[in-house]
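Here is a short briefing on one protein chain. Keep the structure open as you read, and look up each residue as it is named.

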Amino acid sequence: MKKLERSLSLTSVIAISIGGMLGSGIFVLPGLAAAKTGSSVWLAYLLAAVCILPAALSKSELATAMPSSGGTYVYIERAFGPLLGTISGIGLWLSLLLKSSFALVGFGAYLSVLVNIEPGLTKYVALGFLMLILLLNILGVKKVGKVQIVIVTISLLTLGMILVFGLPQISPELLDPFLRDGNTGLVSTIAFVYISYAGVTKVAAIAGEIKNPDKNLPRAMLLSLVIMSAIYVFVAFVLVGNIPMNELQTDLKPIYTIASLFGGSYIGYIAAGVGVITLISMANSGVLAASRFPFAMAIDELLPKFMGKIHSKYLTPVVTIVFTCLVMALVILFLDVEKIAKLASAFMVMMFILVNTCVIVLRETAAQWYNPHYRSPLYPFVQIFGIISGIVLLIFLGLGPLLAVVSIFVLGVAIYSFYGKKATRTGILRKYGHRPALYLLYKRKDNRKITYRNNQHSNLQNLDGQLASQAGVIVPLLGNERSPEMLVEIGAAINKSNSIQAVNITEVPNQTFLDAFVKESPTILSLERRLARLAESKKIVIDFESAVTHEISDTIHELSGQVHCDWLVMGWNGREHNGILVSNPIGWLLTHINSDFALFKDNGVRHIGKVLLALRPGRKDKNFVAVADRICRFYKASLTVMHVVSQETTTEVIDGMRQHTETLLNKIQAKNELIILKDDDSISTISNASAGFDLLILGTPQKDNWLSILFGTGKDKFTEKSACSVLRLTMKD
């Protein structure tokens, strides 16, 4: 299959993003919004842009990590699993069809200016054009990109002329009152107009077609958000400053009204024509986008199979297009325009809360495949602000929209229970989350999927797909090690038996078939050759295999069970990510692995001659000293044991500690010495001492106590401050 070329420039992406926002948010919504808060409606538009900024930044990051994934539904499904994927798919589908229904209602209002239509018949006119949109989508008639650019350009020019003529004619007396219902009215209006900016993230779904997406995608989102927020703010200001509030608050065609006020009836007709083509274009693109969500869910086995049916001639998802338009027709007929806007905003707020949460989950679990080229700035504060502000906006939208969101969760759980349980995919949170986060989301499954590479190269006999069952140490190689050879060498130094099992593990997204990666790789062949040379030079036995998996933690767990190893040795960056809600593979393995566990932070030291063992009093000194002795004998290095005690520690306690440790040191073969220091700042003391050594050996900290413990972003301070490489040992009872 030919790879899709990246052909969209920054300008094209900005145009697409603006086109996604330009529509009912400014042509229909301002009057209804002004009725809620008064002349401060322009401020509501501005603050809504601020609230949606975190979602834009988060979606930019997600899109550069998964550029061909297909948007928000896949991001949420990948992070949280098929249950929340089902809920998000329904929520996104409803928000888009509601937004398109709102556009069609506004379209009817603008069309009534050009064609004599009775006010009570505008809904039926909107339904007639909905049927036309239905046919266009089923027939697969594509909207030409140049036509969309022309429509966006005409709309922007029209709004620009309104600003030119309207700003000088602002009437100060019309701006009073500024806040009709105080701060409560303002916040509820922010939530009400939130849907106006929903299109800013639309371009994330086509990240695979954008030139330099890591730069152009976030730039396009931010520039289009700035441009559209400026247009919304100033146009809203012109509207409330020129049209009396008692007229504006019920006006569904405010752009026509303001244009007629400044230029007379003919200019008003032109503005109404612009409103008609803009809103019908928005409704059409909304149906096109909305119908894809249930179609994708059916393909993913989260909805009945018949909803994934494609028309034999036109190759369009006919069932989901018809279903989407049918629901839109019911919305237009039975919901008033304000309820439609509120529900659309509520569902979009819910989705953007999940998008911000996705970034936190994917970053904090340190998923191997998650490597975005663009990273959201000020993480995690931006995402936390987006989540909290979204929750506040949901509350201020009122009880009805809030109950609608809850009902979507209930409906999603019901649909998942009937159809989604067949899906074998799991989310990152299911794999690496702690019980509080998982309680209502997932049931534990023993459904591990591993595929080993069976390399047929005649000179590389190690790659035989078989594990060394009697290996004393297993060393998972995840591709991010500073030196795989050094990590395996540390494993050999710890090892009590004759052989070591090294396994290169590649984690791929659930959407990718494992078989696609089961083939020879130059990287794997190079790694095998280097480890063979290490085995020969150190006179050790190293069995090397390679595997691809969807679940890296479960894979490592299963490998350690197959090998029956004494030790699991892994590379480490000094972070454990032990949080209440989320952990990464390291934190998960610490609580699930049955063997002893060693984490090696490679700080670039290649020749180990001096080893420092720093222990808190009362630890399993005998076991730690035995491991340190094996390492020193392997490297022909000297061992220094250091105890750091508080200033209040008595001489009697120190003497007893010295006698106990010297008894242990007398039983080992390595050259050794004991140092006991009195200092209340053990971190600085050990850090300063590490400058004189090549390897620092530590035990597991007793307890994390970071302020960020909720999401587990804390670091091991001893490891972070160390000047030499660090080996952190966790020994089971």
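Start with the loop between helix H8 (145-166) and helix H9 (182-192), where Pro177 is found. A cis peptide bond joins Asp176 and Pro177. The model is predicted, and its omega for that bond is about 5°.

**Cis bonds and positive phi**

- Most peptide bonds are trans, and most residues other than glycine have a negative phi.
- A cis peptide bond also joins Tyr379 and Pro380, with omega at about 0°. Pro380 sits in the loop between H15 and helix H16 (381-396).
- Lys539 has a positive phi, near 60°, and is not a glycine. Look for Lys539 in the loop between helix H21 (522-538) and strand E4 (541-549).
- Is Lys539 buried or exposed? Lys539 counts as exposed because its relative accessibility is 71%, and the cut-off for exposed is over 50%.
- Lys636 is another residue other than glycine with a positive phi, here near 55°. Its place is the loop between helix H24 (621-635) and strand E8 (638-645).
- Lys636 has a relative accessibility of 76%, so Lys636 counts as exposed.
- Gly38 comes just after H3 and takes a positive phi of about 85°.

**The whole chain**

- The chain holds 27 helices and 11 strands.
- It has 733 residues, and 58% of them count as buried.
- Now take the contacts with a separation of 6 or more. Residues 24 or more positions apart account for 85% of these.
- About 31300 Å² of the chain is exposed. Carbon and sulfur atoms supply 60% of that area.

**Nonpolar cores**

- How many residues does the largest nonpolar core have? It has 145 residues.
- Tyr45, Leu62, Leu104, Tyr110 and Tyr197 have the most contacts inside this core.
- Helix H15 (residues 337-364) gives the largest share of this core, with 20 residues.
- Apart from this core lies another one, of 52 residues. Among its members are Trp567, Ala628, Val645 and Leu729.
- Return to Tyr110, and leave aside its neighbours within four places in sequence. Its contacts then include Phe27, Val28, Leu252, Pro254, Tyr256, Ala271, Gly275 and Leu279.

**Helix H3**

- Helix H3 (residues 29-37) is mostly covered. Eight of its nine residues are buried.
- Which residues of H3 are buried? They are Leu29, Pro30, Gly31, Leu32, Ala33, Ala34, Lys36 and Thr37.

**Two buried serines**

- Ser101 lies in helix H6 (residues 82-114). Its relative accessible area is 0%, so Ser101 is buried.
- What does the side chain of Ser101 reach? It reaches the backbone oxygen of Leu97, at 2.7 Å.
- Leave aside the neighbours of Ser101 within four places in sequence. Ser101 is then in contact with Met328, Val331, Ile332 and Ile340.
- Ser546 is found in strand E4. Ser546 is buried because its relative accessible area is 0%, and the cut-off for buried is under 20%.
- The side chain of Ser546 reaches the backbone oxygen of Asn504, at 3.3 Å.

**A nonpolar patch on the surface**

- Leu121, Tyr124, Phe323, Leu326, Leu330, Leu333 and Phe334 form a nonpolar patch on the surface. Together they have about 710 Å² of accessible area.
- Helix H14 (residues 318-334) supplies the largest share of the patch, five residues.
- Leu330 lies in helix H14. Its relative accessible area is 44%, so Leu330 is partly exposed.

Technical notes. Residues are numbered from 1 along each chain as its sequence is written. This is a predicted model: local features need pLDDT of at least 70, side-chain atom pairs count only at pLDDT 80 or more; totals for chains, interfaces and linings use all residues. Side-chain values use heavy atoms; hydrogens and water are left out. Helices (H or I, at least four residues) and strands (E, at least two) are DSSP runs, numbered from the N terminus. Buried means under 20% relative accessible area, exposed over 50%, partly exposed in between (1.4 Å probe, protein chains only). A polar contact is a pair of N or O atoms within 3.5 Å; within protein, one must be able to donate a hydrogen and the other to accept it, and residues adjacent in sequence count only if both atoms are side-chain atoms. Contact means heavy atoms within 4.5 Å. A nonpolar core is a set of buried Ala, Val, Leu, Ile, Met, Phe, Trp, Tyr and Cys residues joined through side-chain atoms within 4.5 Å. Patches are made of residues with over 30% relative accessible area and no salt bridge: like charges are joined within 9 Å, nonpolar side chains (Val, Leu, Ile, Met, Phe, Trp, Tyr) within 5 Å. Accessible areas come from the Shrake-Rupley method with a 1.4 Å probe; for residues, only the protein chains shown count as cover. A salt bridge is a side-chain nitrogen of Lys or Arg within 4 Å of a carboxyl oxygen of Asp or Glu.
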